[in-house]
Amino acid sequence: MADLTELVVNLCKRRGFVFPSSEIYGGFRSTYDYGPLGVLLKRNVMDAWWRSMVQERHDIVGLDAAILMAPKVWEASGHLATFTDPLVDCRTCKERHRADQLPESGRCPRCGSADLTEARPFHLMFKTNVGPVEDDASVAYLRPETAQGIFVNFANVLQTSRRKPPFGIAQQGKSFRNEITPGNFIFRTREFEQMEMEYFVPPDEAKGWFEYWCEERLRWYTGLGIPAEHLRLRHHDPAELSHYSAGTADVEFLYPWGWGELEGIANRTDYDLTQHAEHSGQRLEYFDQATGARYVPHVIEPAAGVGRSMMAFLLAAYDTDEVGGEERTVLRLHPRLAPYQVAVLPLSRKDTLVPTAREVLGRLQPHVMCDYDETQAIGRRYRRQDEIGTPWCVTVDFDTLEDRAVTIRERDSLAQERVPIDEVVEAVTSRLATAAAGR
Ligand code: GAP
């Protein structure tokens, strides 16, 4: 792993963002748990996506479908037949690899041996049994993408939400893939969270909407602080396309190990709705009462991963600089994404300051996520907050008892402003609104 990755991984462990799963038992196969700060960052990433996809638009509605679905779904979607990766075994060290991820030499990345088996398809869906009988009839799968829950609910949503194309259905949730080579921390795991939106459009508008969503999704990442030069769109070669796609572009991020996929934007055509209509015998189409037109909408799908986005936001935010002759580590996370927006810090632990600091905390808590810390010297507490990305520290000092004002310190500029306690909520929320508007 490159240095920056190591620094971020260490910070994540040290400060409680991400822990290896089942760590007291030695960990479990590339799954991870999100700690007190990680769960806040994860929620903020997912909320920012939901806000931009659902809350701030009139044409997209939400859905939360079950992870376990009728096995016929996966037959119809083509996953049962084709959702595989090419697997090779090293005959020397017995390690298994993805054939399409071998180095150019074609040798085993672990031991260097050239003695590898022919590639064979390896199925990525996790199989389980539903109900008390373990037989072929009870087999079910953990979903490998959230998208199918949206397609099978297309008619339900169309009827109940009275939408007409172009319109979208957005969903966030867990997906599972038995990846041959998980790795790079939370970049590729076997259990992960997706944020997917299926946008249903008249067939002749698909190309235009595909381009629209490519631009829109790039804007989402840059709006939340990823530098534009660390992002690019990469269009798939025809040979690379998934079984359902007529065109895919990946939003790629420049990870320390090179460009890698952050999100896929696919033109899924009418493939999924047509397949489900055939397999279920239900009509999955749009009937325009005004014109009498009847058609199966085409689908443009921006599909992002929560872990990959978190990783990109953390890598892009990680920085060091010098303050007062001392090096500091600072996560320059967008204020909307930072685990805490504010830390309330009484200058000293003295009884005289604590009640006022608690009062300030109580005023802010209904509006933003706050930390409260009265241990250690104030300089060290600022450093601790910088390291986890808290954009504003509100300090209560001895003058506060006289003038009922506090100091707001900014993480990036280190600027300090004195603000009356009565205005502290407005001061913080207006700063947050300004950051969210990209000003
Ligand atoms: N419904 C389309 C679909 O699932 P995908 O490109 O296979 O497309 C979409 O996945 C996104 O989900 C990826 O861009 C990535 O961010 C995330 N993702 C996929 N597999 C992942 C894994 N094993 N670990 C973490 N994230 C993953």
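Strand E17 (residues 318-323) and strand E18 (residues 326-331) pair in the antiparallel sense over six bridges. Strands, like helices, are DSSP runs numbered from the N terminus (H or I, at least four residues, for helices; E, at least two, for strands), and two strands count as paired if DSSP finds at least two bridges between them. In this pair, Asp 319 stands opposite Val 330 in E18. E17 and E18 form a hairpin with two residues between them, and Gly 324 in the turn has a positive phi of about 55 degrees.

The model is predicted: local features need pLDDT of at least 70 and side-chain atom pairs count only at pLDDT 80 or more, while totals for chains, interfaces and linings use all residues. Residues are numbered from 1 along each chain as its sequence is written, and side-chain values use heavy atoms, with hydrogens and water left out.

An open sheet of three strands has the order E5-E4-E6, with antiparallel pairing. Its edge strands, each pairing on one side only, are E5 (96-98) and E6 (120-123). The twist averages 50 degrees from one strand to the next, taken between N-to-C directions of lines fitted to C-alpha atoms (for helices over the stretch in contact), on a range from 0 to 180 degrees. Strand E4 (residues 84-89) is joined to E6 by four bridges in the antiparallel sense, and Pro 86 stands opposite Pro 121 in E6.

The structure holds zero disulfides (pairs of cysteine sulfur atoms within 2.5 Å). The table gives two cysteines that are in no disulfide; buried means under 20% relative accessible area, exposed over 50%, and partly exposed in between (1.4 Å probe, protein chains only).

| Cysteine | Nearest cysteine sulfur | Relative accessible area |
|---|---|---|
| Cys 90 | Cys 111, 3.6 Å | 1%, buried |
| Cys 111 | Cys 90, 3.6 Å | 37%, partly exposed |

The largest nonpolar core has 58 residues; such a core is a set of buried Ala, Val, Leu, Ile, Met, Phe, Trp, Tyr and Cys residues joined through side-chain atoms within 4.5 Å. Phe 17, Trp 213, Trp 220, Tyr 221 and Phe 313 have the most contacts inside this core. Among the elements that each supply at least two residues are helix H1 (3-14), helix H7 (206-223) and strand E10 (191-201). The largest share, nine residues, comes from H2. Leaving aside neighbours within four places in sequence, Trp 220 is in contact (heavy atoms within 4.5 Å) with Val 45, Ala 48, Trp 49, Ser 52, Met 195 and Phe 313. Another core, of 23 residues, lies apart from the largest one and includes Leu 353, Ala 357, Val 428 and Leu 432.
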